[in-house]
Structure formats: C-alpha cells, structure tokens
Amino acid sequence: MKRQRIFAFVKIQIKSLIKVPTALFIVLILPVALILIFGFAFGSIYVEDYGWTRLSGYLFEFMVPGFIAISGLFMAIPVALSFSEDREQGMLKRINTTPTTAAEFMVSHIISNMCMVIIQVAIIFILTFLMGGMRNITPLGILLSFVIMVIFTLSTIGFGLITATVSKSAKAAGGIVWIFLLPQQLLAANLYPLPPETQIVSMFMPLHYASDALSLLFFGVNLTNLRIWWDLMILVVFSLVLIVTGILLFKKYGRA
Amino acid sequence: MKKIKSLWLITLLILLFIPFIRISNAQGSYVGIQDGDEYEWALSVYTENWNTYVAEDLGTTLENLVPLGTANLTRVFNDWSSRTPPQSYWPLKVTTINVEETGLMFTSTPVNGTFGWILPPSESLEWDEKWQIVNDTSSFLRQTVNLSRSFSPYAMFSVLFAPTTVSWSSLVSYFLGEMASKGGLYTNIVATPQSGGFLIDIPALGFENNSEAININIKYNSNGVLSYYKFSYGEKTLVTFIPGEYIPVHERVPVEYYFVFIGLIAILVVETIVYTYIRKRKS
C-alpha cells in the first residue's frame, strides 16, 4: 500500500463529498439542524431518573449523544452512493487498470469518512457546548467520544458497502440504505426511553453501543465504568465484522 | 555504590507505601473487622409470599412473644412491600474501632461507623452509628436479647457483628436453656447450630396461630460479619438480608452483551476462514 496514493484518493473523496449536496447536507447541515432544533426545544426541560441510565439532567443532554451517533450512522449514505456511482461510471474498472490496489482504494474511503466524522463530531461538540449541553463530560470523555465515533464509522462504511453491493444503481442505494439506518435510528439511538424488550433488540445494532457509551461519557460517568469499555469492545468487533462483510460481499458481487 | 543505590531504591519504595499504612488501636482477639472496612447488604422483601402471614396476623403474635417494637417484621413488610426485591441496600463503613470497655451487661469493643440505605435508583440516607462487638458467646446471646433479634432484619441491624470466637453450639444450648426456663410457647422453639450461625424453627402451631412453620436462618462469616439472614414462613421466603452491593443501572453490563460479543467473535472467525479459503483458492 502506498501512502501517497491513499492520500490522493482521500483528497478526491473529501472534495467530492463536499461537492455533492446530499452528502454535504447529511455530513454537516443535518447534525447542526438537529442540535439547534432540539437544543432550543428541550434545552430547558429537566428530567429525573430518565431513560435506561436512570440519570438526571436536561432532556437535551440525553439526546445529544444519540444525535452524534446518528450523524455518524448517516455516513453510510454517502458511502453507499459513492461506491454505487463509482461502479456505475466505471470508475472501479478504471482503477483496476491502474497500479492502485483495491485495498488502497478501500483504506482511502475509510480515512476520508473518518475525517468527515471527526469534523461532524467537532461541530456538534462546539454547538452543544455553546448551548450549555456539555456540563458533565470531561476532556478525556471528549477525546474518547472521538475514538468511539471513528470506530463506529467503520461499521457505517460496512453498511454502505453492503448497500452498494445489493443495489443496482446509486438511486436504488439511496433508498436501500435506509433498511439499515431507520431501525437503528428509531431503536438504538437512546433518544427516548424504550421498553426492556426493545432495548434487547437494539443490542443487535452497532448504533446502540456508540450511543450508549457516548451517553455515559456525556453524563461524566467515571472512565473506570466497565460498561463504557464493553460498549467500545463490542463496537470494535461489530465494526470489524461489518467492514469485513462489506468488503467480502462487495469484492464478490459488487464490482461488476 | 550499587548497594547504596539499591538501598535508596528500597527505602523509597517503602516510603511510597506509607500512605497506605493503617494505624489502629489494639483490638480484642474476638474482633474480626478493621477500621475502614466497608460492607453492604441487600434487603429483599418477597411481597407475594406474605399472604398467609398477613391473613393470620402473625405480626401481632410475634410482637407478643418476641417484642421488637418499631424494628418488627411487619414494619419491614410495610416499608418495602410496594417495590420489587431487592428493595434497598444498606452500606456500612467502619470508621473507628475503639478500646474494649466493660459495661453492666457485657464486655465489648465499640465500633463507630456510618450506616444507611440506598433506595435505587438515586435516593440514599446515611447516619453515624455505633455497634458493640461483645467478647464471648453468652454475652452475644444477651446482646441479641435471647436471639429475639433474629425475628426481624431491622432488629439484626444492631448485631451485624458477632465475636469471631463465638461457639454456635454453646449459643444454641444457652438459648434453649433460657427458653426452657421461660416455659410456655417458648419451649416450642427449636434451635440448631450450623457452620457460622444457627437456625431457629417454630413448627406449625408452635406459636398457636401460625398455620405454617417459621424458619430463620442466620450466618456470620469468619470475621464475624453477618453474611446471611432469611426469614421463611411455610417454606416461602418472606425476607432476606444478605451481602450485596448496589450497582447503579448505568454501570451494569447487561448479560446480553456477552452473548452479542461471543456471537460477533464467532462471525468474525467464520469470515476470516472464508477469506483465507478464497485467497488460497485464487493463488
């Protein structure tokens, strides 16, 4: 793998992400809108023993970790779109004729998406801070939040790849990707209290572990809390499984 | 030169441990706990098993025969029956173990500490408390008011510590002697020693209006700390008071996590095998 080639691709992909209005909306405008709308709507509502954590705080503080995780999850859309488009436009076949390897191409995608997620999370943190929603999170907690989101990005790329594999066109990919996104967004984002049975269902979704760990960090829970590390550990394995599945499927069926 | 360096290093290491050194008064050989020790018990009231107890008004019978006042068993039921077990947690921290003192009733070592309750998820209360660890078996029997404190977990709060030297068989035989001298219904009480504690059994109708047998099981660990309390009526557990630490909901790792983790690892292993197989076949 040549580093220069990877970074050249990263540059191209970030530029193309910014140029595509859908991608730009998902990456930057959606998280900002979510924070502003819900921040103003629920910023002053104080709840006690709320949600699964049974912690107390402002409703907005309970929602922000979910929004961060959802924003990361939505990265699956540009991934699915770009891979499908690349395939449609014959980009993947052209790359095959160059010295660039499939691994380099894939790694560049992973890096560019991770960069976008880091930007996303940073924007959300700044906005949330300005709106007074970061009363309890520690500096180490903020750092760990970035780590969690970077790992979570791997699983969203996996979802994007699986979507690109099963969809015949970029348009179809834009619709199919919601099969992966919607259940997670509704059941695993910890935005509102759910019955225990639904919580168990959410444990089969990677978003649960990202939003769970972020929720704990947002409430300033001690970093020695085992649950945070279990969340992170499962998220790592989940991401590995999804990215490997995505790569395997895309290699076998998605490059035609 | 090397020796001097090593000596310096050892001295420094020893100095590092100074903050962890605990200085405490010389305590009696029957005291098994230390300053700074922390304990926690979980109180569980099994409301669904109390129907017969309530219907037969066993509380009044017990109060007549083994009066415990506000610490009686019915009070425990009234306080906690509206919640699911374990309803509350009772943390105890030993702050100081004082010098042995001789009182009118017995010779004992006073223990100062904090005691309180945690009502999940977030309510709690703590207060200063004093316990006495008595120095022998007969004193322990007196301290438990002839084991009548065994009839309620609230009453047991004052005897959370027993002397490590207590002889449970002697305790039971002293107790049975006391009951025989009292006569009447008290002679129906059966007590049996067990490892680290004793059992109290009152057969059905032993207290006249108890249609079922009453069984109490109490154990202390080797340090003399209460390690088990169970009150059963008609073989149904009414209440238990056993060591247990409250873990806030947000710190609990759900059991499903382990299954998900193992499942994912299995998938990853299968994927690796498939990937390796494909690569081998290609080459």
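Here is a short tour of a predicted model, stop by stop, for you to follow in your viewer.

**Stop 1: where the chains meet**

Start by showing chains A and B in two colours. At the place where they touch, 23 residues of chain A are in contact with 18 residues of chain B. Now select residues 226-254 of chain A: this is helix α11, and it gives the most to the side of chain A that touches chain B, with 12 residues. What kinds of residues make up that side of chain A? Colour by residue type and you can sort them into 17 nonpolar, three polar and three charged.

**Stop 2: a cis peptide bond**

Hop over to chain B and select B:Pro85 and B:Pro86. The peptide bond running from B:Pro85 to B:Pro86 is cis, and its omega is near -10°. To get your bearings, look for α4 (73-80) and β2 (88-97) of chain B, since B:Pro86 sits in the loop between them.

**Stop 3: one loop, two positive phi values**

Next, stay in chain B and find the loop between β7 (197-202) and β8 (214-220), which is where B:Leu205 is. Click on B:Leu205: its phi is positive, near 70°, and this residue isn't a glycine. Is B:Leu205 buried or exposed? Somewhere in the middle: it has 13 other C-beta atoms within 10 Å, so it is classed as partly exposed.

Now slide along to B:Glu208, which is also in the loop between β7 and β8 of chain B. Here too phi is positive in a residue other than glycine, this time near 75°. B:Glu208 counts as exposed because it has 10 C-beta neighbours inside 10 Å; the cut-off for exposed is 12 or fewer.

**Stop 4: strands side by side**

For the last stop, select residues 236-243 of chain B, which form strand β10. Then add residues 38-45, strand β1 of chain B: β1 and β10 pair in the antiparallel sense over five bridges. Which residue in β10(B) stands opposite B:Ala42? Look across from B:Ala42 and you'll land on B:Ile242.

Add residues 226-233 of chain B as well. This is strand β9, and four bridges join it to β10(B), with the two strands running antiparallel. One pair to pick out is B:Tyr233 and its bridge partner in β10(B), B:Lys236. Finally, zoom in on the turn: β9(B) and β10(B) form a hairpin with two residues between the strands, and B:Gly234 there has a positive phi near 60°.

Methods. Residues are numbered from 1 along each chain as its sequence is written. Chains are lettered from A and ligands numbered from 1 in the order in which they are written. This is a predicted model: local features need pLDDT of at least 70, side-chain atom pairs count only at pLDDT 80 or more; totals for chains, interfaces and linings use all residues. Two residues are in contact if their C-beta atoms, placed from the backbone, lie within 7 Å. Ala, Val, Leu, Ile, Met, Phe, Trp, Tyr, Cys and Pro count as nonpolar, Asp, Glu, Lys and Arg as charged, and the others, Gly among them, as polar. A residue is buried if 20 or more other C-beta atoms lie within 10 Å of its own, exposed if 12 or fewer, and partly exposed in between; C-beta atoms are placed from the backbone. Two strands pair if DSSP finds at least two bridges between them.
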